[in-house]
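This report looks at how two chains meet and at the helix packing around their contact. The sequence and structure come first.

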Number of protein chains: 2
Amino acid sequence: MKAVGVVVEYNPFHNGHYHHIEQAKKVTNADVVIAVMSGHFLQRGEPALIDKWHRAKMALQNGVDLVIELPYIFSTGQATHFAKGAIELLAAVHCESFAFGSEQGNIEPFLNTQSLLNDYRDEYNNLIKYFVSTGISYPQALHAAYEQLKLKRPQNYIDLGMPNNILGFHYIEAAYRLKHKIMPVTIKRIQAGFHDDINSQLTIASATGIRKELFDRESLHHISQYVPASSYAQLEAWILNYQCFIQWETFWPLLQFSIIRNTPEELTRFADVSEGIEFALVKHGKNSDSFAQFMSLIKSKRYTWTRLQRMLTHIYTGITKEQLHAFTSPTYIRLLGMSSNGQAYLSANKKNFELPLISRVASTKDPMLALDIHASDMYSLGVQLASNKKIEGDYNTPPIRI
Amino acid sequence: MKAVGVVVEYNPFHNGHYHHIEQAKKVTNADVVIAVMSGHFLQRGEPALIDKWHRAKMALQNGVDLVIELPYIFSTGQATHFAKGAIELLAAVHCESFAFGSEQGNIEPFLNTQSLLNDYRDEYNNLIKYFVSTGISYPQALHAAYEQLKLKRPQNYIDLGMPNNILGFHYIEAAYRLKHKIMPVTIKRIQAGFHDDINSQLTIASATGIRKELFDRESLHHISQYVPASSYAQLEAWILNYQCFIQWETFWPLLQFSIIRNTPEELTRFADVSEGIEFALVKHGKNSDSFAQFMSLIKSKRYTWTRLQRMLTHIYTGITKEQLHAFTSPTYIRLLGMSSNGQAYLSANKKNFELPLISRVASTKDPMLALDIHASDMYSLGVQLASNKKIEGDYNTPPIRI
């Protein structure tokens with residue numbers, strides 16, 4: 001059996017994801033689709049709309065055969081780290097290829113960019129330093145250095161200003177560093193841009209657009225055309241049980257508590273909290289009545305929204321720099337769910353996996369897994385605050401089977 | 001003008017407190033009553049029923065002329081520390097005497113006990129060691145050592161098994177160590193024991209009994225006979241604004257979050273958290289749905305209820321062992337409120353006070369005061385969680401004047 005891997009958040013699963021899975025299978029001629037999915041805290045530094053169990057079910061009902069959890073330290077990491085954890089996990093479960101979405105749907109420019117930056121690494125770094133010294137911002141310097149470097153070897157390259165392209169580039173970079181090769185494939189994204197609002201004429205919308213609709217309209221039926229019926233059913237089941245979808249605003253009383261309980265100095269212990277911002281965090285944390293107000297007060301040119309949210313994620317979960325930087329590679333394969341097809345794949349292959357397959361957590365001494373469980377506990381407290389109901393615990397939930 | 005001091009929590013102010021103030025003035029022939037009052041977290045390790053501003057107002061409306069805040073590190077400390085902070089503050093504002101409540105209303109046995117333990121300090125410690133070595137518990141060993149010591153010099157002594165007596169003893173001990181003497185006086189407590197339930201035939205009930213009634217019956221009018229009309233009005237004003245009285249149960253979602261966000265190892269950083277209990281705190285913190293359930297799970301013979309609650313106070317506020325143990329004496333006099341009489345006293349005396357008088361906090365570099373402000377912020381977050389309303393902030397509330 002041949003497996004293709006995908007790296008996902010499914011926040012929530014929508015028609016675009018469905019299309020991606022179908023195409024990934026078709027293009028790679030794979031028998032099995034394996035998704036490495038983020039748990040409860042995501043790459044943009046946000047808690048997931050609904051818990052990982054509901055999201056895993058959506059995936060399995062729509063063509064994914066195995067759902068593997070991307071550990072917290074990678075799922076909340078910067079693009080390089082996120083991509084490295086995900087690709088290494090896909091390699092660990094012996095995927096022959098992995099497929100990611102991109103604007104142009106052509107793998108060549110990605111490979112060209114990767115090989116260019118790899119071949120001229122020192123020169124690239126020197127160019128960045130030079131441009132930074134001229135007084136422009138770091139992202140601007142990166143861009144200028146890249147533009148300059150491209151002139152060395154005129155080819156078709158990707159635009160590193162697009163969020164999906166950056167992730168794709170890091171996937172390829174991570175795959176390139178692996179001992180056992182895994183083939184990159186890219187699938188053209190259709191209709192909706194990464195952050196686009198929804199458009200009622202289409203059946204595909206971005207997850208960001210769908211979430212916005214869910215929060216703004218406080219009703220489900222406006223998004224029904226953008227998600228498979230089974231996804232819709234999962235969203236409906238969630239809202240019936242928990243009364244609200246999850247966003248930082250939902251967790252605000254706990255987030256605020258976690259910010260202002262610390263002295264500014266203590267805040268800098270937490271992962272991704274850069275020196276200098278701690279005073280603003282505490283000061284504005286005290287004076288804000290909502291997450292929106294807080295973000296408007298701490299946002300500055302110096303920090304992107306995503307970067308701020310990632311700091312807040314680690315402050316909320318209490319994960320320190322030391323904890324986050326203790327690992328560079330996944331140490332286990334955490335199974336969240338499987339189809340019968342996925343189960344057959346596991347039976348045939350798991351004895352050769354390089355990492356232990358964990359399908360149920362009784363207790364663990366693995367510190368990386370302990371962080372995942374901790375992150376779930378913290379997510380659950382936030383959900384409880386809003387709904388008075390817990391989510392399924394990591395200790396007692398077996399992998400979902402469909 | 002002659003001042004008598006009292007050490008209080010007024011949680012809430014009741015007829016027994018009124019009686020105590022009247023008697024204290026009468027017995028000492030004082031013109032002014034100065035109360036050193038705990039802020040938002042109290043000696044038994046609990047958040048106050050209502051905030052310090054409402055409690056200060058109750059005091060001023062019922063015969064107290066100046067309300068000085070007992071800093072957090074003393075108000076939440078063990079009896080020795082609590083008493084030391086309070087008596088030193090009363091001395092700092094030049095009280096000639098201080099009056100505390102006791103069961104027998106006679107100061108002599110207190111002085112006898114203090115002098116006995118002082119004269120035979122080494123022998124007392126050796127006796128304690130000996131009794132501990134026979135296998136009995138530490139409180140039992142203390143008791144046995146004291147009984148043995150009393151035989152040395154037969155006199156009238158206090159029973160150190162009574163909570164008010166222990167506090168009284170520590171007040172006298174603290175006063176004894178002061179350079180400028182302050183005279184101890186004790187006022188006989190009338191009608192209600194420290195923890196007694198209320199009795200509808202009486203007009204005096206313990207604060208514990210009154211709080212129990214407030215929480216059990218969820219109505220105010222059952223307690224009207226036990227509190228002055230002005231106290232009743234303050235309680236009524238509070239409940240109208242904040243919808244509930246404050247207890248740990250009110251703060252539970254935040255307390256639970258503050259417990260389980262840490263690893264057990266990290267919990268031991270917080271003040272009063274003894275080594276060994278951290279695992280139980282985290283484990284039961286995860287599995288409890290209420291404060292009552294949590295306490296029933298962590299309570300054991302080894303720790304008293306008060307001791308556990310004090311740990312939880314410091315975990316909730318995030319105050320570490322290092323922060324709590326950085327101070328042994330108050331460094332300022334924080335004025336919460338004054339009557340016109342109290343104001344006249346201040347005008348006449350404040351230039352001679354040994355500590356700075358702080359009547360308004362704009363910003364502070366005093367680390368002890370910063371902890372008080374922090375404790376208020378944390379109390380306010382808990383109140384907000386329940387009522388969506390903040391309490392008066394430490395930065396913008398001037399002393400109450402009546």
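In this predicted model, the helix contact between the chains brings A:P253, A:L254, A:F257 and A:S258 of α11(A) together with B:P253, B:L254, B:F257 and B:S258 of α11(B). By class, the residues of this contact comprise six that are nonpolar and two that are polar, with no charged residue. The helix concerned spans residues 248-260 in chain A and residues 248-260 in chain B, and the two axes lie 10 Å apart at an angle of about 55°. Because angles of 35 to 65 degrees fall outside the parallel and perpendicular ranges, α11(A) and α11(B) are oblique to each other, and the crossing of α11(A) past α11(B) is right-handed.

Confidence in the prediction can be stated for one chain and for the complex. Chain A has an average pLDDT of 92, with 97% of its residues scoring at least 70, while the predictor assigns the complex an ipTM of 0.87 and a pTM of 0.90.

The relation between the two chains comes next. A turn of 180°, with a shift of 0.0 Å along the axis, lays chain B on chain A with an RMSD of 0.1 Å, and the two copies are therefore related as by a two-fold rotation axis. Within chain B, the C-alpha nearest this axis belongs to B:L254, at 3.3 Å from it; B:L254 is also one of the residues through which α11(B) meets α11(A). Of the interface residues of chain B, 100% are interface residues in chain A as well, so the copies meet through the same surface.

Within chain B, α11(B) also packs against helix α13, which covers residues 278-287; the two axes come within 9 Å and cross at roughly 135°. That angle makes α11(B) oblique to α13(B), and α11(B) passes α13(B) in a left-handed crossing. On the side of α11(B), the contact is made by B:W252, B:Q256, B:I259 and B:I260, and on the side of α13(B) by B:L281, B:V282, B:G285 and B:K286. Sorted by class, the residues of this contact are five nonpolar, two polar and one charged.

The two helix pairs are set side by side below.

| Helix pair | Axis separation | Crossing angle |
|---|---|---|
| α11(A) and α11(B) | 10 Å apart | about 55° |
| α11(B) and α13(B) | within 9 Å | roughly 135° |

Taken together, α11(B) meets α11(A) through residues that include B:P253 and B:F257, and contacts α13(B) through residues that include B:W252 and B:Q256.

Key:
Residues are numbered from 1 along each chain as its sequence is written. Chains are lettered from A and ligands numbered from 1 in the order in which they are written. This is a predicted model: local features need pLDDT of at least 70, side-chain atom pairs count only at pLDDT 80 or more; totals for chains, interfaces and linings use all residues. Side-chain values use heavy atoms; hydrogens and water are left out. Axes are lines fitted to C-alpha atoms, for helices over the stretch in contact, and angles run from 0 to 180 degrees between N-to-C directions. Helices (H or I, at least four residues) and strands (E, at least two) are DSSP runs, numbered from the N terminus. Angles under 35 degrees count as roughly parallel, over 145 as roughly antiparallel, 65 to 115 as roughly perpendicular and the rest as oblique. A crossing is left-handed if the near helix is turned anticlockwise from the far one by less than a right angle, and right-handed if clockwise. Contact means heavy atoms within 4.5 Å. Ala, Val, Leu, Ile, Met, Phe, Trp, Tyr, Cys and Pro count as nonpolar, Asp, Glu, Lys and Arg as charged, and the others, Gly among them, as polar. Copies are superposed by least squares on the C-alpha atoms of residues with pLDDT of at least 70 in both. pLDDT is the predictor's confidence in each residue, from 0 to 100.
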